[in-house]
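This report looks at how charged side chains pair with one another in one protein chain. Please keep the sequence and the structure in view while reading.

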Amino acid sequence: GAQAHAWQQDPARRGTLAVSTDGFVQVDRFLQSTSHPQVHAVGDCAQWHPPLPKAGVYAVRMGPVLTHNLRAALLADREPLAFSPQQHFLSLLFTADGRAIASRAGLGLEGRWVARWKDHIDRRFIQRFAATGAPAS
């Protein structure tokens with residue numbers, strides 16, 4: 001499972017930055033530290049209230065909101081956006097035998113076809129970040 005970084009867990013290193021009991025940076029709906037608004041945190045290093053599951057879908061969805069809010073803070077040319085987490089999300093987990101498990105809203109499926117589906121989703125996601133004109137490796 002996700003764990004806070006060592007500096008987050010060490011009071012001497014994090015100073016007065018507000019963290020959860022597990023060491024995750026506590027953030028508000030604008031993804032800003034609840035104790036230091038100039039600090040933004042998302043993904044597995046952050047703790048939403050109430051706590052969200054440590055799932056990549058939240059980090060991915062927080063990305064555009066974080067980008068907007070960092071620009072708003074740096075340029076002071078717009079109002080920050082609030083992040084609104086989705087209630088349900090698809091979890092896909094590879095198993096060690098070539099299969100995968102899918103789970104969403106209390107429903108579950110498993111099999112090799114789920115592994116192929118996860119692989120397809122993962123490759124499509126990563127491809128979005130490939131440099132244009134660069135050969136794929």
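The paragraphs below describe salt bridges in this model, which is predicted.

The count comes to five salt bridges, and three of them are set out in the table, each with the distance between nitrogen and oxygen.

| Pair | N to O distance |
|---|---|
| Glu110 and Arg99 | 2.2 Å |
| Lys118 and Asp122 | 2.9 Å |
| Arg123 and Asp119 | 2.8 Å |

The salt bridge between Glu110 and Arg99 links distant parts of the chain, since Glu110 belongs to strand β5 (residues 107-111) while Arg99 sits in the loop between β3 (91-94) and β4 (100-104), 11 residues apart. Glu110 is partly exposed, having a relative accessible area of 44%, and Arg99 is likewise partly exposed, at 29%.

The other two pairs in the table belong to helix α4. Lys118 and Asp122 are separated by about one helical turn, because they stand four residues apart in helix α4 (residues 112-127). Is Lys118 buried or exposed? With a relative accessible area of 14%, Lys118 is buried, because this value is under 20%, whereas its partner Asp122 counts as partly exposed at 30% relative accessibility.

Arg123 and Asp119 also lie four residues apart in helix α4, about one turn of the helix. In this pair Arg123 is exposed, with a relative accessible area of 56%, while Asp119 is partly exposed, with a value of 30%. Elsewhere, salt bridges with shared partners join Asp97, Arg99 and Glu110 into one network.

Conventions: Residues numbered from 1 in each chain as written. Predicted model: local features only at pLDDT ≥ 70, side-chain atom pairs only at ≥ 80, totals over all residues. Heavy atoms only, no water. Salt bridge = Lys/Arg side-chain N within 4 Å of Asp/Glu carboxyl O. Buried < 20%, exposed > 50% of the residue type's maximum accessible area, 1.4 Å probe, protein only.
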